[in-house]
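Here are my notes for you, written as short numbered points. Please keep the structure open beside them and look up each residue as you read.

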Amino acid sequence: MARIAVRDDLKALEGYHSPHVSVRVRLNTNESPTPPPAAWSDAFVAEVSRIEWHRYPDRAATELRAAIATLHGVDSNQVFVANGSNEVLQTLLLAYAGPGRTVATFEPTYQLHAHIARLTGATVIEGERNDDFTLDLAEARRVCETGNPIITFLCSPNNPTGLVEPESNVREVMAMAPGLVVVDEAYGQFADWTALDLIDEETPLVVSRTFSKTWSMAGARLGYLVGPSWLVAELDKVILPYHLDTAKQIAGRLALRYVNEMQARIDLIVSERERIQSAFASMPVHSWPSGANFILFRPTSISGRDVWRRLVDRSVLVRDCSGWPRLENCLRVTVGTPEENDAFLAALQEVLA
Ligand SMILES: *Cc1c(COP(=O)(O)O)cnc(C)c1O
């Protein structure tokens, strides 16, 4: 039987890869190293046992939206929730991108911004960054003027570089962008400022967040954005009905009761991040300043690929970015528990010796 051809514009696309290798210390996907608090699990199990499974979920996820709105001091109708922030971004791109429209990214950045934009049929214009991976405002201006993007993506802290986008840059890009500015803050809680403060009804700016990283809930697949209510109303039209199952709505709502526990985890990760950075200072590696729960680094004595392989031999898995455009020889390590970080640093020391 002949295979049926996919859309012409999808033929050249590759899927999203994150290789799964079985190791003792997994520091490759920027998850939280610890599960949610036990009290959360208990409360979740109790509520799940009362779910009316024969009924559709609350389509508007009313209570969850209200809880997120309270957390950020915004209105419920300024919050859109979906299955992971990737689905939030997909919904945004389905609503505003698509054939004949342009989306701007500044590379290197989160690969799925360009990938999902292309899936919707949009044209992606990839702006370059400065050599130190900071945003090049002259290039941003060129991209906005020549590409006329309907969506301009920023990512702060940026994955995979870890750099926090300064507020002044975000404001400048907002001033020059002809369309919507999206600030992906998947790691926002690890940084020292948030673009959430710039959201209002008059400004075409949205901020996306996720429960996958800070909130120890990558397994739940839950993310959201905060933006003007007129935009959220459009997204509600595009998303499939009943996309958020009842159990997930409960999981997210209950998680927001443990803000203090989450803050304690963030503080520990930030101090561990600083500890890894200072260990790097006495090793043959170059690393970039990070405002996230991961660090991008480049071994200077051995190739990145070899370091990656020898770390795997020692049962430590980091992300191999060495083959990605603009990231030659680079690796990205997620900050883990103190024990995991010790194991990583000891293995790296051995490999580089
Ligand atoms: C991990 C990550 C996401 C995806 O988060 P999910 O909510 O798990 O879909 C989005 N953006 C960036 C920059 C990320 O690193």
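1. Let us begin at the ligand. A side-chain N or O atom of Asn159 lies 2.8 Å from an oxygen atom of the ligand, which fits a polar contact (a pair of N or O atoms within 3.5 Å; within protein, one must be able to donate a hydrogen and the other to accept it, and residues adjacent in sequence count only if both atoms are side-chain atoms).

2. A word on what you are looking at. This is a predicted model, in which local features need pLDDT of at least 70 and side-chain atom pairs count only at pLDDT 80 or more, while totals for chains, interfaces and linings use all residues. Residues are numbered from 1 along each chain as its sequence is written, and side-chain values use heavy atoms, with hydrogens and water left out.

3. Which residues are closest to the ligand? They are Ser85, Tyr187, Thr210, Ser212 and Lys213, among 13 residues that surround the ligand (each has a heavy atom within 4 Å of it). Ser85 places a backbone N or O atom 2.6 Å from a ligand oxygen, and a polar backbone atom of Asn86 is 3.0 Å from an oxygen atom of the ligand.

4. Now return to Asn159 and look at its peptide bond to Pro160: this bond is cis, with omega near 15°. Pro160 sits in the loop between strand E5 (151-155) and helix H6 (167-176). Helices (H or I, at least four residues) and strands (E, at least two) are DSSP runs, numbered from the N terminus. The bond from Glu107 to Pro108 is also cis, with omega near 0°, and Pro108 belongs to the loop between strand E3 (102-107) and helix H4 (111-119).

5. Next, zoom out. The chain is divided into domain 1 (8-30 + 260-352) and domain 2 (38-257), with bounds that come from an automatic or database domain assignment. Their centres, taken over C-alpha atoms, are 24 Å apart.

6. How many residues of each domain are in contact? There are 26 from domain 1 and 29 from domain 2, where contact means heavy atoms within 4.5 Å. The buried area between the domains is about 2,300 Å², and carbon and sulfur atoms give 64% of it; this is the accessible area (1.4 Å probe) that two parts lose on being put together, summed over both.

7. Finally, find Arg326 and Glu126: they form a salt bridge, with the closest N and O atoms 3.9 Å apart. The term means a side-chain nitrogen of Lys or Arg within 4 Å of a carboxyl oxygen of Asp or Glu. Between domain 1 and domain 2 the count is 2 salt bridges.
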